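This report describes selected sites in one molecular structure. It proceeds from single residues to the spaces that the chain encloses.

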Amino acid sequence: MSDVKWGIALLDPNCFPKKIKILDTTLRDGEQTPGVSLTPENKLRIAKRLDELGVDIIEAGFAAVSQGELEAVKLIAEAGLKAEICSCSRVTIGDIDAVSKAEADSIHLVIPTSDLHIEWKLKKTRDQMLQVTQKCVKHAKDVGLVVELSAEDATRSDKDYLKKVFRTGIDAGADRVVACDTVGVLTPEKAYEFYGDLVQSLSVPVSVHCHNDFGMAVANSVSALRAGCSEVHCTINGLGERAGNASLEEIVVALKSLYNIDVGLKTELLYSTSQLVSRLSGIMVQPNKAIVGENAFTHESGIHTQGLLENPSTYESIDPSMVGVTRRISPGKHSGTHAIKASVEAMGIHPTDEQLREIWQRVKVVGDKGKTVSDADLLAIAEAVTGLEKPKAIQLQEVTVVSGNTVTPTASVRLKVNENDITEAAIGVGPVDAVINAVKKAVLATEPVTLEQYHVKSITGGTDAMVEVVVRMRKDTKTATATGVREDIVMASMDAVLAGMNVLTALNGNGTTKKTEKQ
Ligand code: KIV
Ligand code: ZN
């Protein structure tokens, strides 16, 4: 143990290679997530963000898969990014030429090495695969690519044969190799032994590529790095086939927080990168996902928040600002009076002890009905109990929405913002988007807020169902949750967004925790 930070005894960073490279494969293995298909433009947006984050290598796609995929890799390769741009490829001359045509810097050249794959999938022999390896690595080098030779299903391959494939590739010019735990069968102990042996036996850098079938991908990857691997393949949000790949954000933060290893990424961009990937891929991040899940830095229970308000490290092992998140204290039936007091005081309401107990009781009643208590609900309860109901800073006067198959969805809104009448119109991809864009335009000058989260739940069935819209809004470092419940989704969205904005206005620069400094 070498150091103590944020209450954690750190492991010795000297057990790891001096430089660990991050290969992000969100745009290739991550895109293989069922239901995910990214346009070249959206791939470029993600690649730019990954570059800003500081990853060393971006696996931009699989150039031979389709024309669009080749275009995407080319678009990214031509974007002038700092990262090395890589494309995946099978061991065929056609695939390799597609990578070269896309002008990628490097090729992730994949050769299946387990008998299962060689015999059942490819109907070939081990010897034939060795010849193919030799021929394809040589060709990839001849066309000027950096070659990362990749063994698919490496962890279920005969180890001597696996090394033979790698050595054949290295003799033909491969610059580095990667052994894939394609179906996630390693454990941290096995990973240490397996990758350690490869690192000792081979003359080029070895990378690790783990899948999460048993939920061990991150632990296995870290173990492999500790055994000497100098590059790790991972994806944002752990996207990938089946249970996904090792998650980039978990690996990077674990290395930093538990081992004191800085891989050189701007970790404060992790949350926003996760959100971008979630939005463009359409795959939601599970709320309790480590590092970037909505609940990763949200606290409700009274005991926890009481400790947190005194010193955040009592119930947090990671400083939220490290990953670009602000800590949230969420009101609910488990909340204690300390948390409720801190939250309502931040909204500018200072209840007496008796009023505070009443607010606390009412929050519990709502929670006992199985309802989430949003920040807007808490504000409404606190105002009702203290009799301090103030006119809302932002009020809806009028809204009109036009939508249909021949018109661009358009909305106009008239709002009272701090006593001023403001009318704005906007278009959107649908009526809800149009109305929210119009509201944002109307209030942006005075309230620079952003909509961070938007979810819709149908409470009852049928086309006349009640829908509940849940939003989370942000202004600078402050966030506010709010809900809107109506039969009309546009109006429910409008209610939720305005309620969220009004909470942010009430928060008015107050903090929700007493101490937020790092230890
Ligand atoms: O997991 C895997 O085996 C892969 C290969 C295609 C490289 O992603
Ligand atoms: Zn994979």
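Which residues does Ser106 touch, not counting residues up to four places away in sequence? In this predicted model, Ser106 touches Glu84, Ile85, Cys86, Ser87, Val99, Leu145, Val146 and Arg176. Ser106 is found in strand 6, which spans residues 106–112. Because its relative accessibility is 0%, Ser106 counts as buried. With Glu84 there is also a polar contact, made side chain to side chain at 2.6 Å.

**Zinc site**

The zinc ion (ligand 2) is coordinated by Asp29 through OD and by His209 and His211, each through NE2, at 2.0 to 2.1 Å. Along the chain, these donors follow the spacing D-x179-H-x1-H. Both His209 and His211 are buried.

**Helix 8**

Helix 8 covers residues 217–226, and eight of its ten residues are buried, so the helix is largely enclosed by the rest of the structure. The buried positions are Ala217, Val218, Asn220, Ser221, Val222, Ser223, Ala224 and Leu225. Against these residues pack strand 8 (176–181), helix 7 (188–201), strand 9 (206–210), strand 10 (231–234) and helix 9 (248–259). Just after helix 8, Gly228 adopts a positive phi of about 120 degrees.

**Pocket and cavity**

Rolling a probe the size of a water molecule over the atoms shows where empty space is left. The table sets out the largest pocket and the largest cavity.

| Space | Volume | Nonpolar lining residues | Polar lining residues | Charged lining residues |
|---|---|---|---|---|
| Largest pocket | about 1,400 Å³ | 14 residues | 16 residues | eleven residues |
| Largest cavity | about 80 Å³ | three residues | four residues | five residues |

The largest pocket is lined by 41 residues, and Gln275, Glu452, Gln453, Tyr454 and His455 lie nearest its centre. At least two lining residues come from each of helix 10 (270–281), helix 15 (431–444), strand 16 (450–458), strand 17 (467–475) and strand 18 (478–486). Strand 16 contributes the largest share of this lining, with eight residues.

The count of cavities of 30 Å³ or more comes to one. The lining of the largest cavity consists of Tyr271, Gly293, Glu294, Phe297, Thr298, Val325, Thr326, Arg328, Glu452, Arg472, Arg474 and Thr479. Glu452 thus belongs to the cavity lining and is also named among the residues nearest the pocket centre.

**Gln275 and Glu468**

Gln275 lies in helix 10. Is Gln275 buried or exposed? Its relative accessibility is 16%, and because buried means under 20%, Gln275 counts as buried. Leaving aside neighbours within four places in sequence, Gln275 is in contact with Glu294, Glu452 and Gln453. Its side chain makes a polar contact with the side chain of Gln453 at 3.0 Å. Gln275 and Gly293 are 18 residues apart in sequence, and their C-alpha atoms are 9.6 Å apart in space.

Glu468 has its place in strand 17. At 11% relative accessibility, Glu468 counts as buried. Not counting residues up to four places away in sequence, Glu468 touches His455, Val456, Lys457, Ile459, Thr483, Gly484 and Val485. One of these, His455, is among the residues that lie nearest the centre of the largest pocket.

Methods: Residues are numbered from 1 along each chain as its sequence is written. Chains are lettered from A and ligands numbered from 1 in the order in which they are written. This is a predicted model: local features need pLDDT of at least 70, side-chain atom pairs count only at pLDDT 80 or more; totals for chains, interfaces and linings use all residues. Side-chain values use heavy atoms; hydrogens and water are left out. On a 1 Å grid over the protein atoms alone, a cavity is a set of points where a 1.4 Å probe fits but cannot get out, and a pocket is an open set with protein on both sides within 12 Å along at least five of seven lines; lining residues have an atom within 4 Å of a point. Grid points are joined across faces, edges and corners, and a volume is the space filled by probe spheres set on the points. Helices (H or I, at least four residues) and strands (E, at least two) are DSSP runs, numbered from the N terminus. Ala, Val, Leu, Ile, Met, Phe, Trp, Tyr, Cys and Pro count as nonpolar, Asp, Glu, Lys and Arg as charged, and the others, Gly among them, as polar. Donors are N, O and S atoms within 2.8 Å of the metal (3.2 Å for Na, K and Ca); water is not among the atoms, so sites may look incomplete. Buried means under 20% relative accessible area, exposed over 50%, partly exposed in between (1.4 Å probe, protein chains only). A polar contact is a pair of N or O atoms within 3.5 Å; within protein, one must be able to donate a hydrogen and the other to accept it, and residues adjacent in sequence count only if both atoms are side-chain atoms. Contact means heavy atoms within 4.5 Å.
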